[in-house]
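Here is a short walk through one model, written to be read with the viewer open. Take a moment to turn the structure around before going on.

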Amino acid sequence: MLAGTRLQSITSASKDPSKLLLPASSLTIGTNYVIQVSAGYNGVSSSTSIQVSVKAGDLIAVIDGGSSQAARVGSLLTLDGSKSYDQNQMNLLGSAAGLPYSWSCTQLKPSLNGSCWSIFDKNNFLRQQTASALKLVPLSKAENYVAQVTMTIQDASKSRMTSSI
C-alpha cells in the first residue's frame, strides 16, 4: 500500500518466484510500503505481509589523498572532492550527482585563526570555494603552519549534508 492506497501489483525482476527483486529507485524515499505476498498449492493458500520503510542513503564526502596531507611552501596542493557521492544517485559522482561544494579553512598552528589567509592566498581560495577541487599554493611565510580545510557537500534538496576534513 502506498499512503493508504492499494497498489494492484508489483512485478519482481527476480526469476526466482520466492524472491521479490525491485529495480533501483522504484520505491520512493520517505515512504512506507506494506508488501503482501500470497502462495497456494493444491487448494491450500497462505499469505503474509511486511512493512518496508524507504530511507535516504548517505552522502559520502571523499577527498583524494585522504584526510591528512602536507604541502611544501610554493608547491601546488590539490584537494579534490570530485569523487564524493550521494548513495541515492546511482553511478554518479560529485557535480554530476548534483552535489554543491563548499570549502572552508581554519589555521591551527602556530596560532588558531578563523581563516587561512596567512597560509593561502585569500582571493584564490575564495574564487574556488564552491568548486569540486581546490588548487592551493602555500605562501612563502607559511612554513610550519598547519591548516584544517573542510569540504562540505549537500544533496540537491539541502536536506542532507556531510563534511570531510
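Is Lys-83 buried, exposed or partly exposed? This is a predicted model, and in it Lys-83 has a relative accessible area of 45%. Lys-83 therefore counts as partly exposed, since that class lies between the 20% limit for buried and the 50% limit for exposed.

**A salt bridge between two loops**

Lys-83 forms a salt bridge with Asp-64, and their closest N and O atoms are 3.8 Å apart. The cut-off for such a pair is 4 Å, and by this rule the count comes to 1 salt bridge. Lys-83 sits in the loop between β4 (77-80) and β5 (85-86), while Asp-64 sits in the loop between β3 (59-60) and β4, so the pair ties together parts that are 19 residues apart in sequence. Asp-64 is partly exposed as well, because its relative accessible area is 29%.

**Accessibility at a glance**

The table lists the residues discussed in this report for which a relative accessible area is given.

| Residue | Relative accessible area | Class |
|---|---|---|
| Thr-31 | 15% | buried |
| Ser-115 | 17% | buried |
| Asp-64 | 29% | partly exposed |
| Lys-83 | 45% | partly exposed |
| Leu-112 | 67% | exposed |

**The hairpin and the residue before it**

Now for the N-terminal side of the table. Thr-31 belongs to the segment before β1 (32-41), and with a relative accessible area of 15% it falls under the 20% limit, so it is buried. Measuring from C-alpha to C-alpha in the model, Thr-31 and Val-52 are 8.4 Å apart in space, although 21 residues separate them in sequence. Strand β2 covers residues 44-53, and β1 pairs with β2 in the antiparallel sense over 10 bridges. Within this pairing, Gly-40 stands opposite Ser-45 in β2. The two strands form a hairpin with 2 residues between them, and Asn-42 in the turn has a positive phi of about 50°.

**An open sheet of three strands**

How many strands form the open sheet, and in what order? There are 3 strands, arranged β6-β8-β9, and the pairing is antiparallel. The edge strands are β6 and β9 (161-164), each of which pairs on one side only. From one strand to the next, the twist averages 20°.

The pairing can be followed residue by residue. β6 joins strand β8 (residues 146-154) over 8 bridges in the antiparallel sense. At one place Lys-109 has Val-146 in β8 as its bridge partner, and at another Ser-102 stands opposite Thr-152 in β8. β8 also pairs with β9, again in the antiparallel sense, over 4 bridges. Here Thr-152 stands opposite Ser-163 in β9, so Thr-152 has a partner in each of the two pairings.

**The loop after β6**

The loop between β6 (101-109) and α1 (122-127) holds Ser-115, and Leu-112 lies in the loop between β6 and α1 too. Which of these is buried and which is exposed? Ser-115 is buried, with a relative accessible area of 17%, whereas Leu-112 is exposed at 67%. Leaving aside neighbours within four places in sequence, Ser-115 is in contact with Cys-105, Thr-106 and Gln-107. Leu-112, for its part, joins Leu-108 and Val-146 in a nonpolar surface patch of about 260 Å². Val-146 thus appears twice in this account: in that patch and as the bridge partner of Lys-109.

Methods. Residues numbered from 1 in each chain as written. Predicted model: local features only at pLDDT ≥ 70, side-chain atom pairs only at ≥ 80, totals over all residues. Heavy atoms only, no water. Buried < 20%, exposed > 50% of the residue type's maximum accessible area, 1.4 Å probe, protein only. Contact = heavy atoms within 4.5 Å. Patch = residues over 30% accessible without salt bridge, like charges linked within 9 Å, V, L, I, M, F, W, Y side chains within 5 Å. Areas by Shrake-Rupley, 256 points an atom, 1.4 Å probe, with all protein chains shown as cover. Salt bridge = Lys/Arg side-chain N within 4 Å of Asp/Glu carboxyl O. Axes fitted to C-alpha atoms, helices over the stretch in contact; angles between N-to-C directions.
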